[in-house]
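Hi,

Here is the structure I said I would pass on. Have a look first, and my notes on what turned up follow underneath.

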Amino acid sequence: MLAHDFLAQADVIFDVRSPSEFASSHIVGARNVPVLDDNEREQVGKLYKQDPFGAKVLGATLICKNISQVLCTLGITPAQVIGIYCARGGMRSLSLQSILQNIGYRTLRLTNGYKAYRKEVLEFLAKPLDSQFFTLSGPTGCGKSTLIGMYEHSLDIESLSMHLGSSFGGICGQQPRAAMFENLLFARLRELEGKKILVENESKKLGSLVVPSMIYNAYKNGVKILITAPLQIRIQRILEQYGDIDLDFFNHAMQKIAPFMDKRYWLQAHKAFELRDLEQVAYILITQYYDKVYRKEPCAFHIDSTNLESAFEHIRQIIATH
């Protein structure tokens with residue numbers, strides 16, 4: 001079955017590749033049900049170069065052993081359609097499908113496997129979207145991320161990339177790999193097809209990841225809404241979001257912005273952090289770095305976000321009338 005139909009018809013999806021293959025990237029929402037673990041896959045692969053038939057016998061032996069364990073923990077009813085895929089739609093997915101189908105489960109197998117899914121993702125991300133974008137712009141600390149999270153049809157690029165976009169944006173933890181980031185964008189945009197999408201005016205690069213050009217251009221050309229807030233409120237919001245960072249993280253982030261910041265203020269921020277005067281740190285960074293590097297763009301609307309609920313209702317009204 002081709003990728004588009006496979007995704008539309010499967011109730012649950014089993015990725016039968018090894019754990020390391022799955023961890024690298026996978027179909028969003030898939031469950032890893034490896035029929036060969038990483039060591040077994042390597043073992044079969046090495047043997048195949050010397051003895052293809054022997055490798056097939058070994059592979060079948062290991063797969064049968066592993067599938068017997070899978071059946072004990074399946075937790076799927078026969079009423080559900082199970083989608084199954086491996087790397088290229090070969091023996092690993094066919095082996096599990098054959099057994100499940102003979103038992104009485106309804107199954108689908110993805111033609112050409114994960115490779116076909118990735119082709120679908122990349123083709124989708126290269127085409128114009130059938131959606132209207134509303135793009136929140138504004139200085140740091142104005143609550144844009146919070147407002148994005150409040151809207152049901154939002155594309156939260158920061159959450160998907162596990163990065164807040166700034167020099168200090170790596171507080172979210174380890175980022176997904178580039179392919180997985182694209183898969184996450186693809187899955188979310190499929191859910192939002194034909195919708196009016198709220199998105200933040202992110203830079204092209206978030207940490208180690210790059211926003212695909214089609215998406216980047218779509219929100220850059222969207223209806224721009226400028227979000228602002230008083231300085232003291234912005235400081236408090238920054239403290240709520242970044243207040244737990246440790247010294248090593250702070251020093252690493254400060255090194256990144258050193259070329260773009262007056263050295264005396266840079267040193268003052270360091271001193272304030274050592275004294276745990278985080279409010280002063282936020283004040284210095286906002287006024288002496290973030291506001292100075294913020295690129296102002298023409299916006300169709302301007303909303304004060306002192307009260308986030310009120311700002312959100314204003315945004316909803318703008319979206320509803322455009």
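One cut-off before the rest: I call a residue buried if its relative accessible area is under 20%, exposed if over 50%, and partly exposed in between. Keep in mind that this is a predicted model.

By that cut-off, F250 and F273 are both buried. They also form an aromatic pair of the stacked kind, with 4.0 Å centre to centre and 5 degrees between the planes. F250 sits in helix α12 and F273 in helix α13, so the pair links distant parts of the chain, 23 residues apart.

That brings me to the two helices themselves. The axes of α12 (residues 247-257) and α13 (residues 263-274) approach to within 11 Å, crossing at roughly 175 degrees. Angles over 145 degrees count as roughly antiparallel, which is why α12 is described that way relative to α13. On the α12 side the contact is made by L247, F250, N251, M254, Q255 and I257, and on the α13 side by W266, A269, H270 and F273. Sorted by type, the residues of this contact are seven nonpolar and three polar, with no charged ones.

F273 has another neighbour worth a look: R276 lies over the face of its ring, 4.9 Å from the ring centre. R276 itself is in the loop between α13 and α14. Its phi is positive, about 60 degrees, although the residue is not a glycine. With 46% relative accessibility, R276 counts as partly exposed.

Now the other aromatics. How many aromatic pairs does the structure hold? There are nine in total. Besides the stacked one above, Y289 and Y290 make an edge-to-face pair, at 4.8 Å centre to centre and 70 degrees between the planes. Y289 and Y290 are both buried too. Elsewhere, Y85, Y114, Y117, F124 and F186 come together as one aromatic cluster. One member of that cluster, Y114, has R17 over its face, at 4.3 Å from the ring centre.

While you are in that region of the sequence, check N112, which is in the loop between β4 (106-109) and α6 (113-126). N112 is another residue other than glycine with a positive phi, near 65 degrees. Its relative accessibility is 47%, so N112 counts as partly exposed.

Then there is C299. Where does C299 sit? You will find C299 in the loop between α14 (278-293) and β11 (301-304). Leaving out residues up to four places away in sequence, C299 touches S137, K224, I225 and L226. C299 and L136 are 163 residues apart in sequence, yet their C-alpha atoms are 9.2 Å apart in space. C299 counts as partly exposed, since its relative accessibility is 28%.

Finally, the overall picture. The protein has 15 helices and 11 strands, and its C-alpha atoms fill a box of roughly 70 × 50 × 30 Å along the principal axes. Of its 322 residues, 47% are buried. Among contacts with a separation of 6 or more, 73% come from residues 24 or more positions apart.

If you open just one spot, I would start with the stacked F250 and F273 pair, then move along to R276 over the face of F273.

Cheers

Terms used. Residues numbered from 1 in each chain as written. Predicted model: local features only at pLDDT ≥ 70, side-chain atom pairs only at ≥ 80, totals over all residues. Heavy atoms only, no water. Axes fitted to C-alpha atoms, helices over the stretch in contact; angles between N-to-C directions. Helix = DSSP H or I, 4+ residues; strand = E, 2+ residues; numbered from the N terminus. Parallel < 35°, antiparallel > 145°, perpendicular 65-115°, else oblique. Contact = heavy atoms within 4.5 Å. Nonpolar A, V, L, I, M, F, W, Y, C, P; charged D, E, K, R; others polar. Phe/Tyr/Trp six-rings, centres within 6.5 Å; stacked < 30°, edge-to-face > 60°. Buried < 20%, exposed > 50% of the residue type's maximum accessible area, 1.4 Å probe, protein only. Lys NZ or Arg CZ within 6 Å of the ring centre and 35° of its normal.
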